Amino acid sequence: MNNMRLPKVGDAFEFDYKYRDEKTEVIGLLVVEVTPEHVMYKMTCSSHIYPMTHEIWTLNQELRRPKIGVYNE
């Protein structure tokens with residue numbers, strides 16, 4: 001995989017989530033762990049920790065932007 005950049009624990013990002021009714025909301029996510037296979041992250045709208053494979057994380061890089069400021073849980 002070319003240009004594979006994985007995040008570090010504590011990195012925060014945000015992305016635009018579009019609902020079915022076309023409403024858009026900015027969602028934040030915080031990287032809580034990076035394993036040999038997954039990036040584990042938490043979203044601002046949930047306390048659950050979600051896994052994402054390294055492949056999917058790098059494919060979706062363009063959809064996320066670094067979050068400026070403090071991550072609010």
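1. L6 is partly exposed, because its relative accessibility is 31%; the class of partly exposed lies between buried (under 20% relative accessible area) and exposed (over 50%), with a 1.4 Å probe and protein chains only. L6 sits in the segment before strand 1 (12–18). Strands here are DSSP runs of E with at least two residues, numbered from the N terminus. Together with V9 and V34, L6 forms a nonpolar patch on the surface, with about 220 Å² of accessible area in total. A patch of this kind takes residues with over 30% relative accessible area and no salt bridge, and joins nonpolar side chains (Val, Leu, Ile, Met, Phe, Trp, Tyr) within 5 Å, while like charges are joined within 9 Å. Accessible areas come from the Shrake-Rupley method with a 1.4 Å probe; for residues, only the protein chains shown count as cover.

2. A remark on the basis of these values. The model is predicted: local features need pLDDT of at least 70, side-chain atom pairs count only at pLDDT 80 or more, and totals for chains, interfaces and linings use all residues. Residues are numbered from 1 along each chain as its sequence is written, and side-chain values use heavy atoms, with hydrogens and water left out.

3. The largest nonpolar core has 10 residues: F13, F15, I27, L29, V31, V39, Y41, M43, M52 and W57. Two or more residues of this core come from each of strand 1, strand 2 (24–34) and strand 3 (38–43). Such a core is a set of buried Ala, Val, Leu, Ile, Met, Phe, Trp, Tyr and Cys residues joined through side-chain atoms within 4.5 Å. One core member, M52, touches E37, H38, V39, Y41, W57 and R64, leaving aside residues up to four places away in sequence; contact means heavy atoms within 4.5 Å.

4. Strand 3 is mostly covered, with five of its six residues buried. Strand 3 runs antiparallel to strand 2, and five bridges join the two; strands count as paired if DSSP finds at least two bridges between them. A hairpin of three residues connects strand 2 to strand 3. Strand 3 also pairs with strand 4 (residues 49–53) in the antiparallel sense over five bridges, and a hairpin of five residues leads from strand 3 to strand 4. Y41 appears in both pairings: Y41 is the bridge partner of V31, and Y50 in strand 4 is the bridge partner of Y41.

5. E14 belongs to strand 1 and is buried, because its relative accessible area is 19%. Its contacts, not counting residues up to four places away in sequence, include V26, I27, G28 and L63. Side chains of opposite charge can pair when their charged atoms come close. E14 forms a salt bridge with R65, with the closest N and O atoms 3.4 Å apart. Since E14 lies in strand 1 and R65 in strand 5 (residues 65–66), this pair ties together parts that are 51 residues apart in sequence. A salt bridge requires a side-chain nitrogen of Lys or Arg within 4 Å of a carboxyl oxygen of Asp or Glu; by this rule there are four.

6. E14 also forms a salt bridge with K67, at 3.8 Å between the closest N and O atoms. This pair links strand 1 to the segment after strand 5, 53 residues apart. D16 and R65 meet in a further salt bridge (2.9 Å, N to O). D16 lies in strand 1 and R65 in strand 5, so the pair ties together parts 49 residues apart in sequence. E14, D16, R65 and K67 are thus linked in a network of salt bridges.

Methods. Helix = DSSP H or I, 4+ residues; strand = E, 2+ residues; numbered from the N terminus.
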